[in-house]
Amino acid sequence: MISAIIAKEWTEYRRDGRVVGVLLLLALLVAVGLVTGWSGLSEQQRQAQAAQRDDQATFLKQGEKNPHSAAHFGRMAYKPLPPLSVFDPGASPYLGQVIWLEAHAQDPAMFRPAEDAPDLRRLADLSVAGVLSLLIPLLLFLIGYGTFASERERGTLRQAVSSGSALQKLFTGKLLAVAAIGIGVAVIAITVSAVMAMSAPAGVLWSDILFRSVGLMFGYALYGVAFTALALFVSARTKTATSALLVLLSLWALSVVVLPRIAATASEHLYPTPDSETFWSETYQTIRESRPDRDSAEYKAAERLVLSRALGREVTDEEVAAMELNRSGLSLEVSEVIDANAFGAAYDQLYEAYEQQQEMRRAFSILSPAILLHHVSSGLAGTDTASHRHFAMEAEKQRNVIVRKMNEDMMLNGAGESFAYLADEDFWESIPDFRYQPVSLSYALRSVLWDFLLLALWAAVALWLAWRAARSQKII
Amino acid sequence: MTFSHMISHEWKTRLGRPAGLVSLLFFAALLVFGAVSGRMERDTRLEAIATHHEQIASAMDNWLKNARLLEEKGSEAGVPPWSGSALDVTFSSALPPGPLGDFAIGQSDILPSLGGLSLWSPDVRLFSKYEFEDPVALALGGIDIGKVVLLVLPLLLIVLSFDILSAERDTKRLGLTLAQGAPLRALFWRRLLIRGLFVLSAAFLVAFTAFLFQTGGVSLAERLPYFAFWGFTALLYAVFWIGIVAFVASRNRGGEVNVILLLIVWAGFTLIVPAGITAVAESVYPAPSRLAYLAEAREAENETRLQEADIANQFIIDHPEMLVNESSEIPAFVRTAFLVNSTVDEATKPLLDAFEAEAQRRDASLAWMRFLSPAIITHALFNDVAGTDSARHRRYMQAARDFKSAYREKAGPYVVAGQRLPTEEFAALPTFKFEEEGFDSLLRRHWGALAFLIIVAALLLLVADRRLKNIKGPNDEDSG
């Protein structure tokens, strides 16, 4: 019975030029999105690999040099673009691509691709995920608005029910018929994206892409079910098909186009992130205030820690005072250890503001599942802020390793020479290269768990409302 | 039926009904939200700029104080020996919001609006530490009054007017109306005009209030030409959409067909065509690699350090007027930093020029492609009028680099010679000021696009009118 209903519905959709037209448009846009996404991904990955190689070569060619001077020159940590960015670039165009690992400062990532993009990019997004999240609801609404309303107007619903068709089966059949089209489009697009992601220039773990893709399919399926249920709900509640269409199209424009932007703007105003001047002046003020006096116990403890770490054994204050050391090197490393806390706290506060903004957007998602899908999709694609934070934290660990190695070399080998000490050109080879392991699937899943659950809740509530509306509509 | 009767009738039958009223109120609320959001964004920038100026001024006061002490008391001054170094002079630079900066956020939330100009930083790192806005919010895009007009105003016109004729047709009243001799054409245009007027009134009421009360310290006289231009563009954009609605509604099809067609046209013009054009522009004119730029800068930095002595000698040969202070107390790394940064800037200048050239080529091609969608024309114009477009930001960054370069010419001989910058020279140094383009250049850039919009809107209205004339009633002679 249900399969017969689905077959009948699909035949009607096939005959409806509007549905076929929107499907073709969707397919075309997805194809364009895939091509541009693939070209962007492969180009960015190629550039990042080349830049990392060049950086390594330049660093090794420094010749004899003071290690602290080399620490200022620093290294660059290039962020590899996740393979599934071919499907959903998420926030990555608005995140820097490289972090300068230098002495004395924990820098933010720089060079956001969006800065070099045309202004128009802010008006619309043609990534595959952007197209799907925008047009799947439109497609489902165009297919589903007449599900009950048109049949009621034509009298065919009354005929079907009076000839023995159970309303429950009618509802299920129509729901599956409509939702399957949206979900089918999403599944095809995600599958093709995953295949492309697996053939990305940078080495990728196929199983990771596979599991992430399955997660994305679930997310988009929930999204599709939620909007299909909304279509059926409105179709069952409104008097005419035209009214249903009007209400649904208004709902689409509001919940998919307008509300995500409102949510973003409101969140930003309620939980503002600091401007760069404020961020740096406050951070350096904290650093100045947190630097202990050189004679204080805290400072001496930091000196002991630095030296014990360098020598691989515990040292006493007396030993620190008596040792033949490059005191400038010691003092530089002590300041790194002390300043690291202030930088850590400042960045924690910044990311906390991002998280508060995300929670605020989640609160808005009661009016729009598109916001939740955006979080789920970019989180699973590895292009969200949480993934970037992971990269920034790994880069900071690498910065600490590099600067510490430089300072320790100066401290232990340059006694009495202060900044005149020069390290051999071979020394640079002992500095490890930055190798980044992107966030694991479990990390990604944890970061989007709430959004997933809320999306499922959205779908469940919409289904319940649709069923209630279908059951209580006046058929006769 | 007089026009006021028509208004009263439209209010009772459509606009004053819950659905119509809610739509209008929601639109008005969105406009207010957009206006306030734009103001907050602009005020945040103004505050950041004020803080920036204060911080740099305070640092430079300190520089001057120490330099004077050194000049007066020499080594007895008790200040660091490198005080008064020309390398330590930092200039504040800022791109102030345009007179109508609260009307469009544009690219101002993503591109730098301020930065300290110092010879300690090569150009590649001049604007590298400012990226703190929430990237997700940036990706989703903020709302301002311009975006509300751009996206929601046409939508509301569609929702309120798609059935301007089909309402009669769908309820089988059209034949009756025509049989009664009602002037269908006049009825159509009056209805459309009234519904459009309500939408436009809400938009202009909020925009005018924002114009009057969100000045941000700019005089109304200064804001007026920009606001007038903004208003004219918004009006034209609305007329274009009224033309589209009239064009579709006058085909005399069912409401369902009309609304689907109009919605697809809306999605096409406001979302799909802009996204497609962006993809094409980015593929045809890809921005040069920033990563390659950085790699080039680091390579140059390293090479310069390795050849510092030769470079310093060459610099001294190029500046025979310079008297090298052999007993200078300014540390050697100051000279090294200057030479390295100067060389890096010279070496990477062709790359920066390539960025600018590519951006200009892309802008030029986009200037043609904007004719494919009125939303693109309006979007570009709103951003340009508000001074939040990327071209203005690029001009600012270029001006900042040029200013730094000019100072480098002046300060270089002092730094390499190990001399301090005399305080009277410091006092005579210029300050950075962004040179705004005149209002006339704004008009020059956009008059063609606006003329195009007028022509298209007029054509749409004319075709709709012709179609309406051809709708025959049962009493017409040639009716079947």
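**Notes on a two-chain predicted model**

1. Let's start with a pair in strand 2 of chain B: there, the bridge partner of Ser92(B) is Gly116(B). Helices and strands here are DSSP runs, H or I of at least four residues for helices and E of at least two for strands, numbered from the N terminus. Two strands count as paired if DSSP finds at least two bridges between them.

2. Before going on, a word on the ground rules. This is a predicted model, where local features need pLDDT of at least 70 and side-chain atom pairs count only at pLDDT 80 or more, while totals for chains, interfaces and linings use all residues. Residues are numbered from 1 along each chain as its sequence is written, chains are lettered from A and ligands numbered from 1 in the order in which they are written, and side-chain values use heavy atoms, with hydrogens and water left out.

3. Back to that strand pair. Strand 1 (residues 90–94) and strand 2 (residues 114–118) of chain B run antiparallel and are joined by 5 bridges. Phe91(B) stands opposite Leu117(B) of strand 2. Because 4 of the 5 residues of strand 1 of chain B are buried, this strand is largely enclosed by the rest of the structure. Strand 2 of chain B is mostly covered too, with 4 of its 5 residues buried. (Buried means under 20% relative accessible area, exposed over 50%, and partly exposed in between, using a 1.4 Å probe and protein chains only.)

4. Chain A has a sheet as well. This one is open, with 3 strands in the order 1-2-3 and antiparallel pairing. Its edge strands, each pairing on one side only, are strand 1 (75–78) and strand 3 (105–106) of chain A. Strand 1 of chain A is tied to strand 2 (residues 98–102) of chain A by 4 bridges, and Ala77(A) has Ile99(A) of strand 2 as its bridge partner. The other chain comes in here: helix 10 (residues 290–306) of chain B packs on the sheet, touching strand 1 and strand 2 of chain A, and its direction makes about 170° with that of strand 1 of chain A. In general, strands of a sheet pair through backbone hydrogen bonds, either parallel or antiparallel.

5. How do the two helices numbered 9 pack, one from chain A and one from chain B? Helix 9 (residues 241–270) of chain A and helix 9 (residues 255–284) of chain B meet at an angle of about 15°, with their axes 9 Å apart. Axes are lines fitted to C-alpha atoms, for helices over the stretch in contact, and angles run from 0 to 180 degrees between N-to-C directions. The two helices are therefore roughly parallel to each other; angles under 35 degrees count as such, over 145 as roughly antiparallel, 65 to 115 as roughly perpendicular and the rest as oblique. Among the residues making the contact are Leu249(A) and Trp252(A) from helix 9 of chain A, and Leu263(B) and Trp266(B) from helix 9 of chain B. Contact means heavy atoms within 4.5 Å.

6. On to the interior. The largest nonpolar core has 164 residues, and those with the most contacts inside it are Leu132(A), Trp252(A), Phe27(B), Trp230(B) and Trp266(B). (A nonpolar core is a set of buried Ala, Val, Leu, Ile, Met, Phe, Trp, Tyr and Cys residues joined through side-chain atoms within 4.5 Å.) Helix 8 (residues 220–249) of chain B gives the largest share, 16 residues. Leaving aside neighbours within four places in sequence, Phe27(B) touches several residues, including Val148(B), Leu156(B) and Ala203(B). Apart from this core lies another, of 37 residues, among them Ala70(A), Leu332(A), Ile402(A) and Tyr436(A).

7. Two loop residues are worth a look. Ser85(B) sits in the loop between helix 2 and strand 1 of chain B and counts as buried, at 1% relative accessibility. Ser85(B) and Gly418(B) are 333 residues apart in sequence, yet 8.4 Å apart in space, C-alpha to C-alpha. Val204(A) lies in the loop between helix 7 (167–198) and helix 8 (206–237) of chain A and is partly exposed, with a relative accessible area of 23%. The C-alpha atoms of Val204(A) and Pro82(A), 122 residues apart along the chain, are separated by 8.9 Å.

8. Lastly, a residue in a helix. Is Asp465(B) buried or exposed? Asp465(B), found in helix 16 (residues 439–469) of chain B, counts as buried at 14% relative accessibility. Not counting residues up to four places away in sequence, Asp465(B) touches Arg185(B) and Trp189(B).
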